[in-house]
Amino acid sequence: MSFVSIVVLSMAVLFLAMLGVWEVGRRLGLARIARDPQGLPTGVGAAEGAVFGLLGLLIAFTFSGAAARFEARRDLITHEANAIGTAWLRLDMLPAAAQPPLRELFRRYAENRAHVYGNVRNSEKTMTMLAEGAALQQQIWTRAVAAVRDPSAPASAPMLVLPAVNEMIDITTTRVMATRNHPPAVVFGMLGLLTLCGALLAGYTSAANKSRSRLHPLSYAVIMAFGIYLVLELEFPRRGLVQVEGEDRVLVELRD
């Protein structure tokens, strides 16, 4: 089952659960009114405010974190393109005979990096391309080290070429770790639990009204489910509807 299907199904279940819990809360409230002529207890607003305040804080925390990580992942693509471009330019400092094989390796490497995250839904293919990229990195590094040791290479070549190649290699690890950086699962579990608690309390309070309102529970369930769905889309880009194809184009242009 695809990521989109899993997330949509989970949000549908959460949506229905919120409606069901809202109804349970309303019936509990009606039962309390039937037992106690004075109606629902007063002075519970502080408890409800604490629950909804924590819910709002947690939503803001998860959304802000997901958006920040999403932007950081996009920025890393630009940083990697700049690192590859800088290393490519500094190949001019190497002996002329050593440049053609290195430039060919760079072209293959840029091609690999341009498409390595193009289909992350296929984890096996992604891992294969990452392994191919690592092998190309090793070849580039080996040839670059040999080239700067050539007697005809300028004395400044090791200090300029090797750090640029090293940065180009290091940023791939940074990008891999960025794709694995997510909040603990307990945060999302707590978020789902708070949405249900909020629905229960809101449904309980709504029992004070003689007429049933269908707009409020539907609005609450739709907004909360969609909000959590948006957080998950930002947290796991490329797997769902949120993509970063525009940023990937910079690596394609660099390869060209």
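Me: I'd like to begin with a pocket. By class, how many nonpolar, polar and charged residues are in the lining of the second largest pocket?

Reply: Happy to start there. In this predicted model, that lining has four nonpolar, five polar and four charged residues.

Me: How do I find such spaces in general, and what volume does the second largest pocket have?

Reply: The general idea is that rolling a probe the size of a water molecule over the atoms shows where empty space is left. Here, the second largest pocket comes to about 260 Å³ in volume. It is lined by 13 residues, and W22, R212, S213, R214 and P217 are the closest to its centre. Helices α1 and α7 are the elements that each give two or more residues to this lining, with the largest share, four residues, coming from α1.

Me: Now the largest pocket. What is its volume, and which residues are the closest to its centre?

Reply: The volume of the largest pocket is about 470 Å³. Among its 23 lining residues, Y117, V120, T179, R180 and R239 are the closest to the centre. Two or more lining residues come from each of α2, α4 and α5. Sorted by class, the lining holds twelve nonpolar, four polar and seven charged residues.

Me: Let's turn to the interior. How should I read a nonpolar core, and how many residues does the largest one have?

Reply: In soluble globular proteins, nonpolar side chains tend to be buried together. In this structure, the largest nonpolar core has 54 residues, and M18, F106, I140 and M168 have the most contacts inside it. At least two residues of this core are supplied by each of α1 (3-35), α2 (45-90), α3 (99-115), α4 (123-148), α5 (157-180), α6 (185-206) and α7 (215-235). There is also a second, separate core of five residues, including V116, Y117, V120 and V176.

Me: Which residues does M18 touch, not counting those up to four places away in sequence?

Reply: On that count, M18 touches T195, L196, A199, Y220, A221, M224 and A225.

Me: And a polar residue such as N112: is it buried or exposed?

Reply: Compare its relative accessibility with the cut-off: buried means under 20%. N112 is at 5% relative accessibility, so it counts as buried. You will find N112 in helix α3.

Me: What lies 2.9 Å from a polar atom of the N112 side chain?

Reply: That is the backbone oxygen of M129. Leaving aside neighbours within four places in sequence, N112 is in contact with M129, E132, G133 and L136.

Terms used: Residues numbered from 1 in each chain as written. Predicted model: local features only at pLDDT ≥ 70, side-chain atom pairs only at ≥ 80, totals over all residues. Heavy atoms only, no water. Core = buried A, V, L, I, M, F, W, Y, C linked by side-chain atoms within 4.5 Å. Buried < 20%, exposed > 50% of the residue type's maximum accessible area, 1.4 Å probe, protein only. Contact = heavy atoms within 4.5 Å. 1 Å grid on protein atoms, 1.4 Å probe; cavity = no way out; pocket = protein on both sides within 12 Å on 5 of 7 lines; lining within 4 Å. Points joined across faces, edges and corners; volume = space filled by probe spheres on them. Nonpolar A, V, L, I, M, F, W, Y, C, P; charged D, E, K, R; others polar. Polar contact = N/O pair within 3.5 Å; in protein donor to acceptor, adjacent residues only side chain to side chain.
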